[in-house]
2 protein chains.
Amino acid sequence: MTVLILTSEEDVTADMVVLRLGEAGVPVVRLDPADLTNGVALSGEYVRGACRGHLSVGGRLVSMNGLRSIWVRRPGNAAVKAAQPSAWLTEESSQALYGMLRATDARWMNHPDAARRARHKPWQLHLAQRTGLAVPATLITTFPQAAREFAERFPDLVVKPVSGAHPQEPPRAVPTSRVAPDADFAAVAFGPTLLQRRVVKQADIRLTVIGDTLLAARKPADPAAHPDDVDVRFAPSVSPWLPADVPPRIAEAVLRYLREAELAYGAFDFAEDADGIWWFLECNQSGQFGFVEMDTGQPIAAAIATWLAMDGHSGHARAEGGRSATC
Amino acid sequence: MTVLILTSEEDVTADMVVLRLGEAGVPVVRLDPADLTNGVALSGEYVRGACRGHLSVGGRLVSMNGLRSIWVRRPGNAAVKAAQPSAWLTEESSQALYGMLRATDARWMNHPDAARRARHKPWQLHLAQRTGLAVPATLITTFPQAAREFAERFPDLVVKPVSGAHPQEPPRAVPTSRVAPDADFAAVAFGPTLLQRRVVKQADIRLTVIGDTLLAARKPADPAAHPDDVDVRFAPSVSPWLPADVPPRIAEAVLRYLREAELAYGAFDFAEDADGIWWFLECNQSGQFGFVEMDTGQPIAAAIATWLAMDGHSGHARAEGGRSATC
């Protein structure tokens with residue numbers, strides 16, 4: 001049973017996982033959908049109630065029925081490196097590849113549908129509430145008056161994007177910023193705005209969950225930092241990430257979160273306040289982990305390799321074709 | 001409890017359903033996501049574990065907690081009609097709107113995730129096989145040799161796109177065509193090709209399923225038609241669509257198909273052969289029904305209105321927030 005890794009050619013994080021799988025003697029196929037029809041080929045046959053699919057990568061043929069798991073790491077868009085790329089070829093190739101893979105029994109980290117849903121910030125906030133995580137008071141609105149009333153109730157606010165990175169080429173991260181006390185919020189009418197009570201934090205927490213494995217890292221806040229430096233990605237760093245214990249209630253809540261989200265992997269960001277409470281900021285289903293592994297020495301890549309190598313259809317991933325023995 | 005219809009301004013099919021809902025006294029809100037920030041506003045608040053969302057359309061305020069059902073009919077892209085449209089505003093608005101709606105208890109026709117998955121032709125073929133429908137022998141491949149061997153086993157073939165309509169502006173339907181007996185299939189290497197055994201058909205069947213309601217229509221093939229006219233959408237029409245009975249085995253299979261696909265609405269296309277067997281061609285989760293209703297007089301719009309007006313969280317749609325009383 002083979003592990004399929006969908007990612008681009010240059011991906012040192014994937015390299016780390018491939019190395020672990022190799023050491024464990026688990027067959028791995030690494031494939032970039034961008035290479036379809038140019039080094040990568042596919043075929044699926046539906047005859048007399050049976051379904052047989054194959055992939056070919058660099059001349060190596062793999063049966064789709066023999067896929068153990070699929071890691072959607074950082075795949076390129078289908079067929080964009082073809083000799084004559086086009087929007088139509090990308091659509092045809094994407095539908096063919098992901099349509100066939102969706103019909104296999106393989107376990108996914110993460111399933112494309114679950115991954116897509118998991119990006120929605122309002123859905124994240126609601127799920128975090130339901131699973132028992134502490135969520136800072138948040139408003140997403142295009143009503144200036146709603147924003148003003150919210151700012152009266154919660155005077156110390158940050159603003160951040162609803163959707164994540166700005167979709168330019170290459171995508172640009174938009175920092176979380178403090179809202180000035182005299183903001184009038186009239187511009188809220190022109191686009192959805194996410195306002196959130198600022199957590200006065202004593203540390204940032206990154207909790208990486210791989211199946212049932214929880215690995216938390218903590219980065220103490222710089223006591224000398226300016227209160228406007230709220231975004232850990234942009235603030236000057238004074239301390240490395242250090243391994244941290246996960247409070248049992250948090251462990252229970254995040255496992256429930258991932259189960260309900262049908263995700264096998266999630267990188268949770270929390271802000272720890274002066275009382276030690278972990279406030280949920282977001283769960284990134286494709287969150288990077290290299291920087292945490294580097295600082296803490298936590299075996300994240302190894303945990304991913306172990307999850308991918310597991311037998312059976314367990315875990316949080318859904319196996320849609322799981323009721324059939326073929327494809 | 002309100003029915004929310006997501007569609008563009010000019011949509012006579014939606015008009016028919018709105019009319020029925022109005023007659024039944026069911027509150028309806030019709031909204032085009034394209035109008036976001038310009039006539040349409042939204043707000044969602046997440047405070048102390050509770051979640052409250054609102055939409056405003058033309059000055060009318062609707063609570064998201066009070067949504068009974070959501071019909072994703074033909075929505076425009078979010079915020080494209082805003083005063084200053086941009087890819088970033090569309091992404092922010094789409095994530096905000098659909099993120100909030102995903103967290104409601106409303107029943108969906110159809111849920112965006114299920115709809116997206118249901119478009120994949122390889123997945124459709126596999127699901128049709130599993131649910132007991134007759135599927136004509138099909139190959140989707142980029143291997144010329146696989147195509148040649150398939151053509152030897154099944155000499156009478158049609159070719160059609162994997163993904164549906166060509167993504168030009170406006171999108172262009174690509175007709176299903178017969179494969180010439182001397183085709184050499186070398187070009188298959190340049191893009192996934194879907195080859196299917198041609199069903200020598202005595203009729204086309206359109207089976208529209210709305211929840212548990214099945215409405216079949218049949219269009220007899222023109223006995224004088226040229227054998228190359230395989231695509232009913234492009235062939236000259238000699239007979240209108242006529243109401244037809246649904247064989248019990250087919251009824252059972254399509255209901256299972258929609259249940260497993262988590263769809264509340266599906267338009268199945270079959271080819272009926274000389275033995276009366278209905279061969280599955282595809283299931284379109286957003287299939288048009290106006291032309292069938294016009295020819296047959298079948299109450300498709302009324303069945304949709306009835307489904308949308310139903311109470312409770314039954315049916316095939318998934319209600320992701322169904323475990324919470326709010327949002």
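This is a short walk through chain B and its contact with chain A, in a model that is predicted.

**Stop 1: the sheet in chain B**

Start by selecting strands S12 to S16 of chain B. They make an open sheet of 5 strands with antiparallel pairing, and reading across you get the order S14-S13-S12-S15-S16. Color the two edges next: S14 (242-244) and S16 (278-284) of chain B each pair on one side only. Turn the view along the sheet and follow the twist, which averages 30° from one strand to the next.

Now pick out residues 201-210 and 213-220 of chain B, which are S12 and S13; these two pair in the antiparallel sense over 8 bridges. For a landmark in this pair, show B:Val209, which stands opposite B:Leu214 in S13(B).

**Stop 2: the helix on the sheet**

Add residues 248-261 of chain B. This is helix H6, and it packs on the sheet, touching S12, S13, S15 (265-273) and S16 of chain B. Line up your view with S15(B) and you'll find the direction of H6 at about 140° to that of the strand.

**Stop 3: where chain B meets chain A**

Bring chain A into view. How many residues does the contact take from each chain? It takes 71 from chain B and 71 from chain A. Together the two chains bury about 5900 Å², with carbon and sulfur atoms giving 57% of that area. On the chain B side, show B:Tyr46, B:Trp88 and B:Gln95: these lose the most area to chain A, together 12% of what that side buries.

For the polar part, look first for salt bridges, of which there are 4 across this interface. One to zoom in on is B:Arg153 with A:Glu45, whose closest N and O atoms are 3.0 Å apart. Residue pairs in polar contact number 22 across the interface, counting pairs with both residues at pLDDT 80 or more.

Which elements of chain B should you color here? Those supplying at least two residues each include S3 (40-47), S4 (50-57), H3 (112-118), H4 (121-130) and H5 (144-153). Helix H2(B) gives the most, with 12 residues. Color that side of chain B by class and you get 34 nonpolar, 21 polar and 16 charged residues.

**Stop 4: strands paired across the chains**

Finish with residues 40-47 of chain A, strand S3, shown together with S8(B). The two strands pair in the antiparallel sense over 4 bridges. Center on A:Tyr46, and its bridge partner in S8(B) is B:Thr138.

Note on methods. Residues are numbered from 1 along each chain as its sequence is written. Chains are lettered from A and ligands numbered from 1 in the order in which they are written. This is a predicted model: local features need pLDDT of at least 70, side-chain atom pairs count only at pLDDT 80 or more; totals for chains, interfaces and linings use all residues. Side-chain values use heavy atoms; hydrogens and water are left out. Two strands pair if DSSP finds at least two bridges between them. Axes are lines fitted to C-alpha atoms, for helices over the stretch in contact, and angles run from 0 to 180 degrees between N-to-C directions. Contact means heavy atoms within 4.5 Å. Buried area is the accessible area (1.4 Å probe) that two parts lose on being put together, summed over both. A salt bridge is a side-chain nitrogen of Lys or Arg within 4 Å of a carboxyl oxygen of Asp or Glu. A polar contact is a pair of N or O atoms within 3.5 Å; within protein, one must be able to donate a hydrogen and the other to accept it, and residues adjacent in sequence count only if both atoms are side-chain atoms. Ala, Val, Leu, Ile, Met, Phe, Trp, Tyr, Cys and Pro count as nonpolar, Asp, Glu, Lys and Arg as charged, and the others, Gly among them, as polar.
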